[in-house]
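Reader: I'm new to reading protein structures. Can we go through one together?
Author: Sure, here it is.

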Amino acid sequence: MYTIIYDFGTSSVKTCLFKIDSEIKLVTSSRADYNLYISDNGAAEQDTEEWWNAICSSTKDLFKSSDVKPEQIEGLAFCSQMQGCVFVDENGKALRAPMNYLDQRAIKEYEDCMGRGIVKISGCSLYKILRNLKVNHAASLSPKDPVWKYKWVENNEPDVFNRLYKWLDVGDYLLARSTGKIVRTADTAFATFLYDTRKGKEGWNKGLLKMYKVNDEHMPEIVNSTDLVGGLTKKAAEELGLVEGTKVFGGGGDTTFVNIGAGCTTPGDTHIYIGTSGWVSTFMDYQTCDVSANMTGVLSAKQGYFNYYAELETAGKCIDWALEHIALDEIDIYSGKTKKTDSDGNVIDVFDYLEGEIAKVSPGANGVIFTPWLHGNRCPFEDSKAGGMFFNISLKNDKKDLLRATLEGICYHYRWMLECSMKKTKTSDPIRFVGGGSLSHMLCQMLADVTGRTIETVDNPREVGAAGTAIMVAAGVKNVDMLELSKKLVKVNHAYVPNAENKEIYDKNYNVFKQLYKTNKTSYHRINNYRS
């Protein structure tokens, strides 16, 4: 069977055509970009028409690069960025620009609500935190969380708020535009932290809606990620170049399906993801949380299962930043280039070239430590004022040291989140490493050395979320168990064993790394409060 999956990220959609029989095969894919509009006041917005145009153009490109016909597509779904806010009218039309998960304008709304109360923990009302924890093992403890975006619009854009029919996430909006059905998948509903995860009580929690003063009429019907929502409307099919009535499944968020695409579908299986952001996640058949580390079990694609999840806001984004701003003339690469020619005239990839240069630097980056908090941080501490740094630079260091330190810093943070995970659940060894960064053999080995775990990789790691979503669609069409199908289809292609020789230097630097936030927290707030 053939299925189309829309892997809908922060700045682009990768539209993937999969063939699934005895194995899962990526037939072809097409990428299209859209903008992320960042403003000095903390706004991070996008454009629904840019989204839809990107989806339409990339879908049509699939059929130009393959022999597959639109009528052969048996189902499709969206695997999308999460914790965005799209406010729509009765026809599913957006009333304002969608607010991206990075939007942090709602600091006042967050502080006005969570800062009240006689008894507090980390500056937040203990009463409200405990009510949330009882209902869903989570709480809205960041100004970036969706409920504060909702409250910001209520307080600052009353005209929009008064016309609001339903409050959706990104993938839910795309579902509505495709099928005409205005619904929310359970995983994106949970991401509002207004959803009740207790067995037999799943759904919007009226007590939490009342506590945060959210209008329950704005909350859509909830469906499961595995549900068949409907068929493509005639209009959507014509614009996409597909067949009217093609089955559209619920789908959901990017974090929801990565474990399925990674083959981590037995409770206790752990994976690490690196894309623009990054995370450590362990598949579980129960839910738990750690408020002190800002970690919780988020809903899985299959009802009754959870992904115990810790997020690093900027992971691969740190590598992108380092390539753009550090990899300059010292090692013969200039900012803005995407290709380099070797001595024989052959074109080589910039990162492939840099791997060779970075490999010349000894583990520990000659004493330099990098903190990967370029847009604040979420786990194991929540602080939008935190920033990145290169610690302990001396005259002996060069740019190659800084580049290696960037990669090591990302790995240190993954280890930190992994160790925090172990306080609440047993994590696996080996660990699956997926996302675009896992294509780097050097980074895979570095992660193994820093964490002390065997690291496994799989085919098509860039499309792992899309692959997991494709497995879900195939399971729905074929009426088989999604978790079992994942185990059957996803195979390991390489394993990296920790090098004991590097343990001492990595352990030493890691212990320093963990202290850098605590030591500099006051300074971060002093300088960044002044800047804002």
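Author: What follows goes from the whole chain down to single residues.
Author: Keep in mind that this is a predicted model.

Reader: OK. How many helices and strands does the protein have?
Author: The protein has 17 helices and 29 strands.

Reader: And how compact is it?
Author: Its radius of gyration is 23 Å. The globule rule gives 24 Å for 532 residues, so the protein is as compact as a globular protein of that length.

Reader: What does the C-alpha trace span along its principal axes?
Author: About 65 × 65 × 40 Å.

Reader: What share of the residues is buried?
Author: Buried residues are 59% of the 532.

Reader: What about contacts between residues far apart in sequence?
Author: Take the contacts between residues at least 6 apart in sequence. Of these, 71% join residues at least 24 apart.

Reader: Now the outside. How much of the accessible surface belongs to carbon and sulfur atoms?
Author: They hold 48% of it. The total is about 22100 Å².

Reader: And the charges? How far apart are the mean positions of the positive and negative ones?
Author: They are 5 Å apart. The protein has 63 positive and 68 negative charges.

Reader: Let's zoom in. Which residues of helix α11 are buried?
Author: Gly316, Cys318, Ile319 and Ala322. The helix runs over residues 316-325.

Reader: Where do those buried residues sit around the helix?
Author: On one face of α11, because they fall within an arc of 155° seen down its axis.

Reader: Why can residues that aren't neighbours in sequence point the same way?
Author: An α-helix has 3.6 residues a turn, so residues three or four places apart point the same way.

Reader: What does that face of α11 pack against?
Author: The buried residues of α11 pack against two strands, β18 (270-274) and β25 (369-371). They also pack against the helices α12 (350-358), α13 (399-421) and α14 (441-451).

Reader: You mentioned α12. Which of its residues are buried?
Author: Val350, Phe351, Leu354, Glu355, Glu357 and Ile358.

Reader: Where around α12 do they lie?
Author: They line one face of α12, because their arc down the axis is 165°.

Reader: New topic. Which peptide bonds are cis?
Author: One joins Cys379 and Pro380, with omega about 0°. Another runs from Asp429 to Pro430, and its omega is near 20°.

Reader: Why point those out?
Author: Most peptide bonds are trans, so a cis bond is worth a look.

Reader: Where are the two prolines?
Author: Pro380 is in the loop between β25 and β26 (389-391). Pro430 is in the loop between α13 and β27 (431-434).

Reader: What about phi? Which residues have a positive value without being glycine?
Author: Asn294 is one of them, with phi about 60°. Ala365 has phi near 55°.

Reader: What sign does phi have in most residues?
Author: Most residues other than glycine have a negative phi.

Reader: Where is Asn294, and is it buried or partly exposed?
Author: Asn294 is in the loop between β20 (289-290) and β21 (295-299). Its relative accessible area is 23%, so it counts as partly exposed.

Reader: And Ala365, buried or exposed?
Author: Buried, because its relative accessible area is 0%. Ala365 sits in the loop between α12 and β25.

Reader: Let's go back towards the start of the chain. Where is Phe8?
Author: Phe8 lies in strand β1, residues 2-8. Phe8 is at 1% relative accessibility, so it counts as buried.

Reader: Which residues does Phe8 touch?
Author: Leaving out residues up to four places away in sequence, its contacts include Val13, Tyr34, Trp51, Ile55, Val170 and Leu174.

Reader: How far is Phe8 from Leu102?
Author: They are 94 residues apart in sequence and 15 Å apart in space, C-alpha to C-alpha.

Reader: One more. Where is Ile182, and is it buried or exposed?
Author: Ile182 is in the loop between α6 (170-179) and β11 (183-185). At 18% relative accessibility, Ile182 counts as buried, because the cut-off is under 20%.

Reader: What does Ile182 touch?
Author: Beyond residues up to four places away in sequence, its contacts include Asp89, Asn91, Tyr165, Leu168 and Pro220.

Reader: And what about Gly171 in helix α6, buried or exposed?
Author: Gly171 is buried, at 10% relative accessibility. Gly171 and Lys518 are 347 residues apart in sequence and 37 Å apart in space, C-alpha to C-alpha.

How values were computed:
Residues are numbered from 1 along each chain as its sequence is written. This is a predicted model: local features need pLDDT of at least 70, side-chain atom pairs count only at pLDDT 80 or more; totals for chains, interfaces and linings use all residues. Side-chain values use heavy atoms; hydrogens and water are left out. Helices (H or I, at least four residues) and strands (E, at least two) are DSSP runs, numbered from the N terminus. The radius of gyration is taken over C-alpha atoms; the globule rule is 2.2 Å times the number of residues to the power 0.38. Buried means under 20% relative accessible area, exposed over 50%, partly exposed in between (1.4 Å probe, protein chains only). Contact means heavy atoms within 4.5 Å. Accessible areas come from the Shrake-Rupley method with a 1.4 Å probe; for residues, only the protein chains shown count as cover. Lys and Arg count as positive and Asp and Glu as negative; His and the chain ends are not counted. The place of a charge is taken as NZ of Lys, CZ of Arg, CG of Asp or CD of Glu. The arc is that of the directions from the helix axis to the C-beta atoms.
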